[in-house]
Structure formats: structure tokens, C-alpha cells
Amino acid sequence: MKILVCISNVPDTTSKINFTEDDTKFDTNGVQFVINPNDEFGLTRAMWFKEKQGATIHVVSVGEVSVEPTLRKALAIGADEAIRINTIPTDGLFVAQQLAEVVKNGQYDLIIAGRESIDYNGGMVPGILATLLDINFINTCIGLEIEGDAVTAIREIDGGKETLATTLPLVVGGQKGLVEESELRIPNMRGIMMARKKVLNVVEPTDSIRGTEDAKFEKPAPKGAVKLVDSDKIEELIDLLHNEAKVI
Amino acid sequence: MAQQYVDMDTLKFLLYRVHDLQTVLDQARYADYDQASVDLFLNATKDFSDKELFPFFREMDAAPAHFKEGEIIVHPQVEKYMKKAGEMGLIAALFDYEVGGLQMPNTVVSAAAYIQETANNHLPGYVGLTNGAAELIIHFGSKALNETYVPKMLTGDWGGTMCLTEPQAGSSLSDIITVAEQAEDGYTISGQKIFISGGDYREAENIVHLVLARIKGAPAGTKGISLFVVPKKRRTENGDLISNDVNTVGDFQKMGQKGYCTTHLSFGDEKDCKGWLVGEANQGLKYMFMMMNGARIAVGRGAAAITMAAYQASLAYAKERPQGRSLTRTGKKDVSQEQTLIINHPDVKRMLLFQKVVSEGALSLVLLTAKYHDLSTTHADPKEREKYLLLLEMLTPIVKTYPSEMGSVSVSNGLQVLGGYGFCTDFILQQYFRDIRIFPIYEGTTGIQSLDLLGRKVTMENGKGVLLLSEEIGKTIREALGIDTLAPYAKQLSGKLELSQEVLQFLIPFVKKGDYQRFLSDATVFMEFFGNIVVGWLWLNISIQAEKALVSGETQYTGDFYTSKIHAMKFYFKYELPKTTALAEILTNKEVLTVAEENSWFA
């Protein structure tokens with residue numbers, strides 16, 4: 001089985017987010033980037049297939065050279081090869097088109113992408129990718145078993161779970177549940193050294209539609225100071241909730 | 001949000017930019033490493049620390065390691081951490097490929113250990129001692145000893161310790177009396193060892209003790225001390241592990257580092273404790289001290305790490321806690337205004353900046369010393385190796401002492417930032433305050449380090465080490481003089497360097513007169529004086545790199561990041577460096593009050 005894990009390079013959640021150029025560009029100065037958590041769940045599940053069923057894992061990311069450390073980390077965790085599509089990822093449609101080219105050229109059986117990235121939260125890529133490839137698609141996937149071409153997948157649905165049967169080839173939109181957080185792997189030094197010698201192919205992008213562009217970013221308003229109200233002054237609390245917080 | 005305990009940006013800025021790790025990676029031994037792989041390793045170590053160390057930090061303090069029915073009970077995470085650290089390569093990192101190591105630079109391993117120690121200073125000691133014990137066997141032990149013990153130690157399955165101290169012999173190792181008697185297949189060992197860190201825990205499959213003992217009939221004093229491998233369990237001919245008559249007879253309950261067990265071991269109660277000689281007889285202390293540079297850097301690093309973690313905790317509190325109001329232009333407070341955050345009070349800012357300059361200055365010192373350690377062993381040019389060895393010798397007592405002593409003061413300031421809450425167990429500062437207090441004592445107390453600095457290092461090779469260090473400081477001063485904004489600070493440091501020469505010109509004649517008691521009587525004051533100047537040098541160096549980054553518009557970090565480094569340097573030069581003037585006054589004062597005075601005057 002040949003697996004492609006699609007990886008977004010996203011800011012660490014502890015990073016301070018700022019914008020430049022009149023709030024039209026994300027300011028990457030001083031920002032630490034990591035593997036998108038939903039993709040990492042997928043990569044870890046792929047490692048299970050590698051170790052138990054002899055699968056081969058390739059990882060792919062759309063981005064400039066700055067995404068390579070993230071791909072190297074995936075290689076250090078255990079992926080066999082990496083591909084970097086050398087362009088700036090803009091919207092989900094553009095990224096999905098780039099990934100579709102890689103899948104067509106690589107003949108993958110299983111494509112795992114996070115159900116959404118934690119930076120722009122578009123949630124579009126796996127669905128569009130499956131559409132472009134015209135293959136099966138399971139989103140919000142929290143369980144995945146494969147025997148031969150037969151796939152049993154569990155999907156999170158409103159208020160419960162749904163078990164689905166399908167076949168490869170397949171696109172999966174993965175998330176927590178594919179593996180648990182405690183199963184996520186930290187690369188060890190031997191893995192990191194081996195990653196230096198693994199293949200990281202850089203491919204040029206195909207002509208694709210860039211459907212949208214960033215017009216402006218806005219940060220949420222800062223949290224106000226906490227007000228403490230004495231427990232015997234309920235009326236004052238109600239007044240504040242009515243007239244200041246305006247929540248009741 | 002999870003509590004921040006380490007500043008990875010500062011660590012990487014110091015490692016890559018200020019101390020130019022590339023000069024270490026350029027050495028042939030490290031050909032398999034580049035900055036990208038080092039960066040990945042450090043990030044992985046941070047993830048590992050987030051997951052396996054920090055969550056257990058407070059638990060380990062609340063449920064201390066303790067002695068119960070002949071065993072030491074430790075937090076369950078100790079066993080898990082040892083195994084995971086082995087898997088990560090953290091125990092094997094420094095060693096040659098041939099023995100299963102990873103041949104990583106000491107500088108990088110130090111940075112990784114620092115991250116772990118900021119997360120939880122109770123755990124890394126178990127790995128550090130196992131690493132140190134394995135290092136002794138690898139360097140000096142026979143092939144059989146290496147094959148029997150090292151592989152299991154590098155995977156974290158077996159722990160390791162250093163057994164030096166005895167009830168009657170602590171700092172004075174010449175007085176140890178543990179005995180080794182030649183037997184058919186090695187030696188039989190009998191004696192008591194105390195203050196043995198990581199000395200025992202129930203879950204350990206085995207613990208390999210490196211024991212200093214005296215072979216029967218050996219010369220008195222340090223010349224008769226040998227080094228032995230004495231495992232808790234020894235192998236039988238068919239490979240089974242059986243008891244080796246190493247008994248845990250108690251432990252020491254401490255004010256801090258409560259999760260890091262400190263044991264009292266008794267060897268040979270049943271006259272069935274076997275030991276195997278490491279290297280040659282009567283060379284034990286020499287072997288042990290060859291490892292001591294690494295151990296002393298490690299102690300300084302641990303103290304620097306706690307200092308950083310405490311700074312991060314107090315900074316977070318100061319940014320969230322409203323209390324009081326800023327003074328208005330009339331000099332009064334406007335009580336109709338909302339309370340301001342405590343970080344806005346100048347005295348709180350002063351305490352935070354003090355912590356910043358100590359924690360980051362100490363880290364810079366640790367990384368520089370580790371770099372000297374690497375270059376002293378791996379540089380292609382033998383003359384350069386010799387130079388770096390002398391610089392390492394000079395800095396070793398300082399790197400052990402500055403972070404420990406000033407770190408303790410810094411953590412106290414961190415606690416003070418929290419006011420009354422700092423004293424309460426609901427907050428983490430009091431734990432850092434208790435944990436760091438051992439560091440001025442570990443691996444040779446501040447007094448001993450100070451005797452080493454002034455009595456040995458300053459005078460070694462007719463002052464060549466001091467001269468080399470002064471040249472390094474001089475290079476930084478000259479570079480800073482060429483940058484307009486930094487020139488005033490360069491001149492200030494230059495003056496302090498001259499002051500250090502004046503102090504030494506006053507003290508050295510006591511050596512020539514053979515008055516060593518007087519020469520060394522204020523060694524600890526000299527340590528404080530000289531360490532302060534060395535850290536001033538490091539801060540000037542940091543600010544040069546920050547200034548260059550700002551001028552060239554580098555975007556690796558934010559502008560605020562670089563500016564904060566220059567601001568911290570200015571703080572150091574205003575609030576810390578001037579203290580050397582008073583210390584110099586003490587050192588050159590002709591009145592002698594601590595040498596020949598009568599003990600009865602202490603009534």
C-alpha cells in the first residue's frame with residue numbers, strides 16, 4: 001500500500017499572530033511552524049500501516065523552502081520520502097489542485113489529509129482533492145482499518161459515530177481519533193539523522209486557479225479586564241451583564 | 001494556555017547566532033550534523049519535555065521519593081522517563097558511534113538537557129548520572145565491562161550513579177575508607193556511601209554504581225583511591241541477574257528536588273558484594289575528575305534552567321495580576337482608575353529584568369563553556385585544542401557557580417514578584433526556590449569552586465588561562481567599540497577588565513610570599529567579582545549580535561526580541577556590573593578578618 005500524507009505547515013498555537021502590509025499579510029517573523037495537528041494524527045496512523053502492513057509513506061506539502069523543516073520532521077518520524085510543491089499555498093482549491101497532480105503522478109492507494117488546518121480552518125482540501133481525483137472520500141475520520149483494498153472507516157457525526165465500508169483508492173480527512181494524542185510520535189535522534197539522507201523532492205507547481213486572495217485580516221478584540229462583584233451584590237452583577245457585557 | 005517554562009527563541013539565538021554553533025559543527029567528528037537536524041532535535045526535546053517532564057514536576061515535589069522497607073519508592077514517571085530518554089537517544093548522545101552513541105556535540109546535548117531541566121529538574125539527573133557512569137566505563141573500563149554494562153545503560157534499562165561521599169568524607173575525598181579486597185573474580189567491596197543521587201529505585205532492572213574505594217594496602221590520601229563498577233545486581237554465568245549485596249539503608253529527605261532520590265547505600269553487609277576495577281589501581285580519583293568538567297557544567301546548566309523556568313513563571317504572573325495603580329504626575333494614585341498590572345510597576349520591572357539578565361546570562365555562559373568543551377576535544381589544530389582547554393578550565397568553576405549562586409538570588413526575586421502568593425504552595429515559585437538551593441552545593445560547593453578558580457585556574461601555566469580569557473573579552477570590547485550605540489558599554493567593560501588586573505596584582509604577591517591562606521581567604525568574593533565581569537562580557541556579546549540583526553533587518557525573530565536583548569545588556573551594565581567596584585574594594589582591602597581570628601570570638 002502506498003500512502004500519501006498531506007501536510008500543512010502551520011504556526012504553533014503558542015505563537016503570537018500579527019499582520020503586516022496594512023493587515024493583508026500574515027507576519028511570519030519569530031513564528032515557530034509545526035505539522036498541522038490533524039495531519040499529524042494522519043501521519044501517525046500511516047506509520048501504523050507502515051509498521052504492521054509494510055506500507056510506504058510519502059509526505060507532501062505545498063510551500064516555499066521554509067516548509068522543509070516540517071517535512072524533515074515527518075521524515076524523522078518515519079515517512080519514507082517527501083515532496084515539496086514549490087509555491088505559496090493560497091486557498092484550498094489551489095492547494096487541492098496541486099496535490100491532485102502529485103497523486104496522479106504517484107499512484108497512491110490512500111491519501112490522508114487533515115480535515116482542516118488550524119491556521120485558516122478552511123476544511124476544503126480533502127473534499128476538493130477527492131472530487132478532482134474522482135475517488136472515494138471520508139471526512140472527519142476517527143478510525144481506519146484496511147485489509148487488501150477493503151476499508152472500514154469510522155466517521156464522527158453529529159452526536160455519534162458512523163462506520164463506513166469502502167475501497168481503496170481513498171481520500172481521508174483525518175482528525176484526532178485516528179490515533180490518540182498520546183500516540184503521537186516525537187522523532188528520536190537516530191530518526192532525525194536518517195531523515196537527512198531521505199529523499200525530499202521539490203516539484204514545480206502546475207497552472208491552477210487561485211480562486212481567492214487575502215484582502216484583510218483582523219484579530220479578535222482583546223479580552224477586557226475581569227470585574228469582581230461581591231457575592232451579596234447580585235443586582236450589580238445583573239446590571240453589568242445587561243448593560244455592559246450585554247449578554248442577557 | 002500551558003505554562004511557559006523555557007524561552008526557545010533565546011536558546012536558539014544564543015546557540016546559533018551568539019555562540020555560532022556552526023564552528024562546532026564544522027569539526028570532523030560532527031560531520032553528520034547540520035543546524036537543521038540540531039533544530040529538529042531541540043524541537044523534539046521540547047515536545048518530549050512538554051509530554052514527559054513538565055506535567056510531573058509538581059507531582060514529584062508533592063510525593064517525594066522515599067525509603068520504605070529496604071527500597072526507594074520514586075514517582076512512576078522515573079522509569080518511563082529513563083526508557084523514553086534512551087529511545088530518544090538522550091543517554092547515548094555524546095558517545096562514539098562505535099559504542100552505540102550518536103557523536104553529538106556537547107553544546108547541542110547541553111541545550112537539550114537544559115530544555116528538560118527547565119521542564120522538570122527532578123528527572124534529568126537520573127539520565128545524567130547514567131550517562132556519566134557509562135562515560136567512565138567507556139573511557140577507562142575493560143572491553144568486558146563495556147560489553148556487560150554500557151548497552152543496557154544507553155537504552156535506559158539500567159541506571160547509573162557516582163558513589164563518592166562517605167559519612168566521614170564529603171568534600172575531603174582523601175579520607176574515604178570503603179575497602180576493596182582482591183578476590184578470584186574481581187574484588188569484594190565493603191563500605192558506606194551517602195548522598196548518592198539516583199542511588200536506587202524499585203522499578204530499576206539494575207543500577208550500575210561507579211564506586212571510589214581503597215584497595216587494601218593502598219597508599220593513604222587521594223593517591224590510593226581506585227574506581228570500581230559495583231552493580232546492584234550481578235550476572236551469573238548463565239546470564240541471570242542476582243543480588244550483589246548492595247543495600248539501600250535509607251534516604252535523605254530534602255527541602256527541594258524531592259523527586260530525585262538521594263540515598264544511603266551499604267556495600268557488602270553479607271560480604272558478598274563484588275566490584276570490578278575500572279582502569280588501573282589507585283587512579284580512581286583522576287578518572288573521576290576527568291569527568292568533572294562535564295559534571296560541573298551540568299550543575300551550572302541545571303541552575304540556569306531553574307532560573308529560566310522561575311523567570312517565565314513570575315513574568316506570566318506579572319502580566320496577568322492587577323494590583324495597585326501607577327503614580328500620576330502629582331505623585332499620587334488615582335483610585336478611581338482600574339488597578340494596573342504589576343508588570344507596570346518599576347520595581348517589578350526591575351526584578352523581572354534582573355531575572356532576565358541572570359537567566360539568559362547564565363544560559364549564555366553554559367553554552368559557551370560547552371562549546372569550549374567541544375572545541376578542546378575536536379578541533380583539528382592541536383594548538384587550538386590547547387587554547388580551548390585552557391579557556392574551558394578557566395570557565396568551569398564560574399559556570400558551576402554563577403548560575404547556582406546568582407540563580408538562587410534570581411529565583412528569590414521571582415518569588416518576590418508574586419508577593420504573598422510566591423510563598424504559597426498554590427504557586428510554583430516556592431518550588432523553584434527550594435529546588436535551586438542545592439546547586440551551590442552540588443559537585444563542589446561554591447567555596448571549593450572559588451578555591452579552584454583563584455588557587456588553580458588563575459595561576460595555572462603562569463596565568464595563561466587568564467590571559468587567554470582576557471583576550472577573548474578584549475575581542476568583544478573592540479568589536480563593540482566599533483558600534484556607536486554600544487561603545488559606552490564597551491568602555492565600561494574595558495574598565496572592569498583593568499580592575500580585575502588590579503585585583504590580581506594585589507592578590508598574586510601573597511602566593512609569591514607563600515601566604516596561601518591570605519591569598520585564598522576571599523576566594524569566594526573573587527568568584528563573585530570575576531563571574532560578574534565574565535557575564536558582563538557575555539551580555540555585551542549578545543547585544544552586538546542583536547544590534548547587527550536589527551541593522552540588517554533580520555526577520556528570524558521580531559524587532560522586540562532583538563531590542564529586548566540590548567535593553568537587558570543596558571540593565572546589566574547599570575545594575576549588576578557596577579557591583580564589581582565594591583567587590584574589588586573588599587578584595588584589595590588590607591585588613592584581614594577571616595584567617596587568624598579566634599573561634600571564641602564567634603560567641
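Begin by selecting B:Cys163 in this predicted model, where you will find a residue that is buried, with a relative accessible area of 0%. Its closest cysteine sulfur belongs to B:Cys273 and lies 10.0 Å away, which is too far for a bond. A disulfide is a covalent bond between the sulfur atoms of two cysteines, and here a pair is counted when the two sulfur atoms are within 2.5 Å. By this rule, the count over all chains comes to zero disulfides.

Move next to chain A and select A:Cys141, which is in no disulfide, since the nearest cysteine sulfur, that of A:Cys6, is 14 Å away. A:Cys141 is buried, with a relative accessible area of 0%.

Return to chain B and select residues 162-268, which UniProt lists, in an unreviewed entry, as "domain: Acyl-CoA oxidase/dehydrogenase middle". If you colour this stretch by secondary structure, you should find that the chain is 50% strand and 0% helix, while the C-alpha atoms at the two ends of the stretch are 17 Å apart.

Then select residues 487-512 of chain B, which form helix H16, a helix of 26 residues. From its first C-alpha to its last, H16 reaches 38 Å, close to the 38 Å expected at 1.5 Å a residue. Where along H16(B) should you look for a kink? Select B:Gln505, where a kink of about 25° lies shortly before the proline B:Pro509. Finally, follow the chain just past the end of H16(B) to B:Gly514, which takes a positive phi of about 75°.

Conventions. Residues are numbered from 1 along each chain as its sequence is written. Chains are lettered from A and ligands numbered from 1 in the order in which they are written. This is a predicted model: local features need pLDDT of at least 70, side-chain atom pairs count only at pLDDT 80 or more; totals for chains, interfaces and linings use all residues. Side-chain values use heavy atoms; hydrogens and water are left out. UniProt positions are given in the numbering used here, feature names are shortened, and annotations may be inferred rather than shown by experiment. Helices (H or I, at least four residues) and strands (E, at least two) are DSSP runs, numbered from the N terminus. The expected span of a helix is 1.5 Å times one less than its number of residues. The bend at a residue is the angle between axes fitted to the seven residues ending there and the seven starting there. Buried means under 20% relative accessible area, exposed over 50%, partly exposed in between (1.4 Å probe, protein chains only).
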